[in-house]
Amino acid sequence: MTWNLRDDSAILETSSTRVVARLRDSSPSISLIDTTGPVEEMKGFIQIRPVDSSLSLPEIGLSLGEAYVRQGDVIASYPESDPWTFGYQLDIRSSHEIGRQSGKENNLLTLEVWLSVQTSLLNSHPELNVSLEGDSFSHLEDGFWLDSKSRVALLIYPLDLADCKIASQEGSSPNREIQMKVFGRFMEKGVIRRMRFRMLVADAPSSREFWQDCWNEFSESPLPLTT
C-alpha cells in the first residue's frame with residue numbers, strides 16, 4: 001500500500017477505500033471514498049483552510065511549496081509568503097491493519113494527520129480551520145467521535161485538545177460536520193507548533209470496545225521525535 005503522487009494530488013488505494021489528497025488547492029483536502037459498491041460513496045472528507053487574522057478578505061491563499069512521498073507519508077509544505085504572517089506543513093501518515101472481531105477479519109485504514117505552523121515574524125497568530133465530514137458523528141468523549149455506522153472514527157491527540165476549539169453542527173445534508181479551529185494563539189518568531197489527529201476507517205461496523213481500544217492506543221502513544 002503506497003501513495004501515488006501525481007499532479008500535486010496523492011492517491012492511496014486499499015481493497016475497499018480510495019484516499020485522495022488534493023494538495024495544490026489553497027485549502028487542501030483529503031477524501032476517503034468507499035469503492036466496494038456499484039456506486040462509489042464518500043466515507044469521510046477533511047479540508048484544511050489557513051486563516052491569518054491580520055489580513056482583510058479576500059486574500060490569495062498560501063501556495064503549495066513542495067509535496068513528496070516519504071515511505072508511508074505524504075508531506076506538503078505551504079511556505080510563508082507576503083502578506084501572510086506564517087506558513088504551515090501538512091503530513092499525512094497512513095497504515096493498514098487486519099484485525100479480528102467476533103471471529104471475522106476487519107480491515108482498518110488509519111490516516112494520521114499532522115499540522116505544523118511556524119513564523120519568521122515577531123508577532124503572529126496562525127490559525128488552521130479544519131472541517132471533517134462523515135456520517136452523523138457522535139461525540140463519545142473528549143477527542144473521540146464515532147459515526148452512526150460504527151465504521152469511521154475521529155481521534156484528536158489528548159495533549160493537542162488545548163490548541164483546538166471544536167464545534168459540530170448539522171449541515172445542509174444528513175452528514176454531520178465537525179469543525180476545528182487549530183492554534184490561533186500568539187506565536188513568536190522561530191517557534192514551531194504542531195498537532196495531530198487520526199481518522200480511522202473500518203470495512204465493517206465495529207463494536208464500541210474495538211473503537212475504545214483504538215482510542216486508548218492513540219491517546220497513550222508517545223510523541224514522535226521528528227515529523
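# Exercises on one helix and 16 strands

The buried residues of helix α1 are F210, W211, Q212, C214, W215 and F218, where buried means under 20% relative accessible area, exposed means over 50%, and partly exposed is in between (1.4 Å probe, protein chains only). Before you start, note that this is a predicted model, in which local features need pLDDT of at least 70, side-chain atom pairs count only at pLDDT 80 or more, and totals for chains, interfaces and linings use all residues. Residues are numbered from 1 along each chain as its sequence is written, and side-chain values use heavy atoms, with hydrogens and water left out.

## Exercise 1: the whole chain

Work out how many helices and strands the chain has, and what share of its residues is buried.

Step 1. Look for DSSP runs: helices are H or I with at least four residues, strands are E with at least two, and both are numbered from the N terminus. You should end up with one helix and 16 strands.

Step 2. Now go for burial: 48% of the 227 residues count as buried.

Step 3. Finally, check contacts, meaning heavy atoms within 4.5 Å. Take those with a separation of 6 or more: 59% of them come from residues 24 or more positions apart.

## Exercise 2: the helix and its rings

Find the span of helix α1, then sort out two of its aromatic pairs.

Step 1. Helix α1 covers residues 208-219, which is twelve residues. The expected span is 1.5 Å times one less than the number of residues. From first C-alpha to last, α1 reaches 16 Å, close to the 16 Å expected.

Step 2. Grab the ring rule: rings of Phe, Tyr and Trp (its six-membered ring) pair if their centres lie within 6.5 Å, with planes under 30 degrees apart called stacked, over 60 edge-to-face and the rest tilted. That rule gives five aromatic pairs.

Step 3. Try F144 and W215: the centres are 5.7 Å apart and the planes sit at 15°, so this pair is stacked. F144 belongs to strand β12 (residues 144-146) and W215 to helix α1, so the pair ties together parts that are 71 residues apart in sequence. Both F144 and W215 are buried.

Step 4. Next, F210 and W211: with centres 5.1 Å apart and planes at 80°, the pair is edge-to-face. F210 counts as buried because its relative accessibility is 16%, and W211 is buried too, with a relative accessible area of 0%.

## Exercise 3: just past the helix

Where is S221, and what does S221 touch?

Step 1. S221 sits in the segment after α1. Its relative accessibility is 11%, so S221 counts as buried.

Step 2. Use the polar contact rule: a pair of N or O atoms within 3.5 Å, where within protein one must be able to donate a hydrogen and the other to accept it, and residues adjacent in sequence count only if both atoms are side-chain atoms. The S221 side chain reaches the backbone oxygen of F218 at 2.7 Å.

Step 3. Skip residues up to four places away in sequence, and S221 touches Y157 and R196.

Step 4. Follow R196, which lies in strand β16 (residues 192-202). At 2% relative accessibility, R196 counts as buried. Its side chain makes a polar contact of 3.1 Å with the side chain of E112.

## Exercise 4: strands and cores

Trace the partners of strand β5, then identify the core residues that touch the most other members.

Step 1. Two strands pair if DSSP finds at least two bridges between them. Strand β4 (residues 29-34) and strand β5 (residues 41-52) pair in the antiparallel sense over six bridges, and I33 has M42 in β5 as its bridge partner. A hairpin of six residues joins β4 to β5.

Step 2. On to strand β10 (residues 126-134), which runs antiparallel to β5 over eight bridges. Here R49 is partnered by N129 in β10.

Step 3. A nonpolar core is a set of buried Ala, Val, Leu, Ile, Met, Phe, Trp, Tyr and Cys residues joined through side-chain atoms within 4.5 Å. In the largest one, with 44 residues, L115, L128, V130, L132 and F197 touch the most other members. Strand β9 (residues 104-118) gives the most to this core, with five residues.

Step 4. There's also a second, separate core of 13 residues, including F144, L146, Y157 and L200. In soluble globular proteins, nonpolar side chains tend to be buried together.
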